[in-house]
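Please open the structure in a viewer and keep the selection tool at hand. The tour below proceeds stop by stop, with each selection followed by a description of what is found there.

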Amino acid sequence: MSQSIISVENITKSVISNDNELSILKGISFNINAGESVAIMGTSGAGKSTLMSLLAGLDQPTSGKISILGETISTMDDEQRAKMRSESIGFVFQNFLLIPSLNALQNVTLPMVLRGNEDENSNNEKAKALLKEVGLAGRETHLPTQLSGGEQQRVALARAFVTRPKILFADEPTGNLDQKTAQHVIELLFAMNKEQGTTLVLVTHDPNLAKRCQRTLIINDGQCQESA
Amino acid sequence: MKTNKMIVSWSWREIWFGQLWPVMVALTLIIACVVALSTLALRVEKVMSNQGRALLAADLVFRSSNPIPTTLIEQAEQAGLTVSSQSRFQTMAFSDANMQLVTVKSVESNYPLRGELDLRSTTGQPIREVKPGELWVSERLLSLLDANTGDTIAIGDAELKINGVIKYEPELAYNPFNSIPNLFIHGSDLDKTGAVQVGSRVRYRLFINGDLQTLANLQANYELQAGESWVDQNKESRAARLMDKAKQYLSLTILMVILMAAVTLILTCLHYARNRSETVSMLKSMGASRAWLRLWLSTQVLIMFVVAFVAGSSLGLLLEYLLRIPLVDILPKELPSVGVQPFLFAIGVALCIGLPALLIPLTRLLDAPAINVIQKRETQYSKTSWWLLLLPITALITFYGTNKLVWMVLIGLLVLFVLLAGLSYGLLKLLAKLKWSAAFSLALSRINRSPRNSMMQLSALAGSLMLVALIWLIKSDLLGDWQQTLAPDAPNVFAINISPEQQEGYLKQVDTLELPRSDAFAIIRGRITAINDQNTIESEAYQNEEIRILKREINFTWAKELPVYNEVVAGEWTGEKTVSIEQEVASELGITLGDQLTFEVNSQIFSATVNSIRAVEWQSLKPNFVFIFSEDVVADLPATWMVSFRAETDQTPLVNQIAREYPTVTLLDLRTMANKIQGLLKQITFSLTGLAGLGVLAGILLIFTLLRLSLSERKREITLYRTLGASKKRISNTLWAEYGLLAISAGLVAAIAAEIILFSLMTWGFELPTQLHPTMWLVLPLLAVLVVFVSLISVIKELLKPLR
């Protein structure tokens, strides 16, 4: 039996905007089991990204409890959450977010460095293997500006998987890519996910992408519904 | 450790890719300027004080009208000080052909203790000391006596053979009226002359060398008697006034260059922090701790400081060397060492400016929230690092606390800025209301749409232009004033002791030889004895050691009209039984218009009423007098006459001809000295011009950086226009119009501000006359447009690339 890796209990999130309190999430609860792939869908402004940033520990809920890997992150401070992220969480962003002054290889090894893995050779080997896996062998020394959008996102995939995270969060990973490139990136994402047994949480507008996940959560008016 | 290696190499790339290199350049510039200028200033100061000592012939001189007390000599020797004594008196010297009044200086073999003595015998080899039995005479005396080296002349009772001429001696007197030809004999020959007897007027000097503290102790432990005084180089500071102004200019320039570099530093840092906040958010989302980020950022800061220090110091030393080249004739071969002081000072300045400029935006960068990678949020930045601003403020107050000029510039800058930036902004707003071509109205609407941004740009641009203008114009105004002081046609030969009978013929002869001359002045020696019936001996001013005019005879003259080169600052040159007085003496003695002054010449007492007060430029080498009487007061008193004229180097035969025709007239040939002073001025001019050029360069670099930063921040917007289909021409026209308008208005604002600050600086700071600078009104906007042109050209290609 699979165990719960992310557990969300009745969380709410409100922000103050122009002196008005705006309720974005209004009491959401669900569980995600280890190894599951979950898509979060919803209209623009429904609170998908807010939910994801709470799950990933980038932000704190207004109330409620979030546990990741059995630890309550909603009560952790900034530094503790940063440590948790560096140890167990990977990210893929819509706009890639590679460091412009680092080449492809260095961008991929960066999470290892942040984690404190100081063995440069082993870091480089792991990174090279992953770059090869995403089809960028021989492009290690290229800077982000020398790579196309699809290539940059593939570097970002390699970067996300290099630490073998327990959970991978992907925020509209194909939002900035054309259809064909997007398809390629998606294939890679799911292949690597399957290979590493990572739990995948994906925010997307794309129903086809959502279909490839085992579960889909739909956010609407601050509430969460499991799609059939 | 490998992580650190990676951080170092990454930081290095971050500096170049992340546009932090202008920060490094600005830091380097600050350090280079501070090192170069403070080294030079220190060296020049040391040289000046060495020269001051050379002029005194020692570190400290004891002067007395009585023989030097042996106790003083013993005290000095016991304290380990070097001493040398001199006695001097005036007597007649006789050759076979002629006789002449001379000043005899009898010195010891170790004379001079400071400075250079250059004696030349027939061999032409320089000789540095006077030995017993020797006689050295000034060249002028040789010709006056019609004698040659090897001849024997009589000085008092002694018959001495002339060993050669005095080529150069310290203790040069710069008073054309009291100068009587010199000769040197050794102290052991003094008695032979028989000149020193009871009642003879001999003046004694004791030259003393040693470290400052021991000298000060000696001075403190000795109680001065009547007729005794101490002289050290601080008192002989007339020549130092020129240097003082140069030094003030130097420190002002350093400050302005630092100011400009600081602005570059702050702007680039802010720009960097804005651009990097996304990267920091991303690193945080991947789990980077604050400690790691701090390490990452501080490595960058450290690298920049280290590189800037190494590059800046080397550049600074090179710069100092280059600035020194034109000064090579003034500075001695062996330069006084300056130690590490300039370097420490430079590091201090760089830290004071660099730390707040770098750390405030970088600490804010640490606050960039991780969530920004997914959702842009407004961030509350902590203000904890603002205390760093205390660094430069404290330093400024400590170093420049009492410097009027500096505060004038700083406060003036601030006030003018707010005023003028507002003014030009209003002007731009007004312009927007008028009808313009498409490009101009787009540009104007763009400027007016983001007023805060536009104002920042406008003030930064205008500010740097203004500093550039100030650096250059202060230099020109200062130098202009110095050049006037010693105009190229200033008189350089003085003829004195012209008898009334000779006067007419003498002047005619000077005119026939076509030597440009001054008016002739009668010279009557006398004293001022009473001010408004109060005897001057009883006055307060008489007790003041600094005021000597009441204790000695001075030169009076009379005139029908006041010399044109004396500016009358109060009163009018009219009336009978009147006198015109020089303003500084008037204020020292508390004399005002209408005061009744009493004078004594050869036991004859007479009075005159003060009718005017004049400003006199003593350094100008023109005949000048403290008191000028109306003709009726003194014209009947016995007088000799003086006239000054200008002779070029190739006119020496003419000067000699006059000297032969009028052997009783004393000629003071100041050409060597005047040439030396003029040469000195020329060299200082050259150095200051180089310095000012450097300042201007720093300013232009700042403007260039500013514009490039501002343009690169527009990239996204321009790319959008481009993507929406705006033609390249339309975009570049708009950019041209926008930045052109900014440049022109900034140029005008800068010109107004510079004119105002310059006026205040010259009037209250340097105390020099002021004038308007019409060329600047044209040059500044043009310069601004030119720099805009270069900056635009350098980035426009990049800007016009369409989005990929």
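**From a tryptophan to the interface**

Begin by selecting B:Trp296 in this predicted model. Leaving aside residues up to four places away in sequence, B:Trp296 touches B:Ile7, B:Trp10, B:Ser11, B:Glu14, B:Tyr272, B:Thr279, B:Val280 and B:Leu283.

Next, extend the view to the largest nonpolar core, which has 166 residues. B:Trp296 is among the members that touch the most others, together with A:Ile6, A:Phe169, B:Leu283, B:Trp292 and B:Ile474. Now highlight residues 240-285 of chain B: this is helix H7, which gives the most to this core, with 18 residues. Colouring chain B by domain is also useful here, since domain 1 (1-35 + 239-401) and domain 3 (403-487 + 670-804) each provide at least three residues of this core.

A separate stop is the other core, of 49 residues, which lies apart from the preceding one. To locate it, select B:Val585, B:Ile591, B:Phe627 and B:Val655, which are among its members.

Finally, turn to the boundary between the two chains. Here 33 residues of chain A are in contact with 30 residues of chain B. The two chains bury about 2800 Å² between them, 61% of it on carbon and sulfur atoms. Which elements of chain A should be selected on the side that touches chain B? Strand S1 (4-17) and helices H1 (48-55), H2 (78-88), H3 (104-115) and H5 (149-161) each supply at least two residues. H3(A) gives the most to this side, with five residues. Across the interface there are seven residue pairs in polar contact and zero salt bridges.

Methods
Residues are numbered from 1 along each chain as its sequence is written. Chains are lettered from A and ligands numbered from 1 in the order in which they are written. This is a predicted model: local features need pLDDT of at least 70, side-chain atom pairs count only at pLDDT 80 or more; totals for chains, interfaces and linings use all residues. Side-chain values use heavy atoms; hydrogens and water are left out. A nonpolar core is a set of buried Ala, Val, Leu, Ile, Met, Phe, Trp, Tyr and Cys residues joined through side-chain atoms within 4.5 Å. Buried means under 20% relative accessible area, exposed over 50%, partly exposed in between (1.4 Å probe, protein chains only). Helices (H or I, at least four residues) and strands (E, at least two) are DSSP runs, numbered from the N terminus. Domain bounds come from an automatic or database domain assignment. Contact means heavy atoms within 4.5 Å. Buried area is the accessible area (1.4 Å probe) that two parts lose on being put together, summed over both. A salt bridge is a side-chain nitrogen of Lys or Arg within 4 Å of a carboxyl oxygen of Asp or Glu. A polar contact is a pair of N or O atoms within 3.5 Å; within protein, one must be able to donate a hydrogen and the other to accept it, and residues adjacent in sequence count only if both atoms are side-chain atoms.
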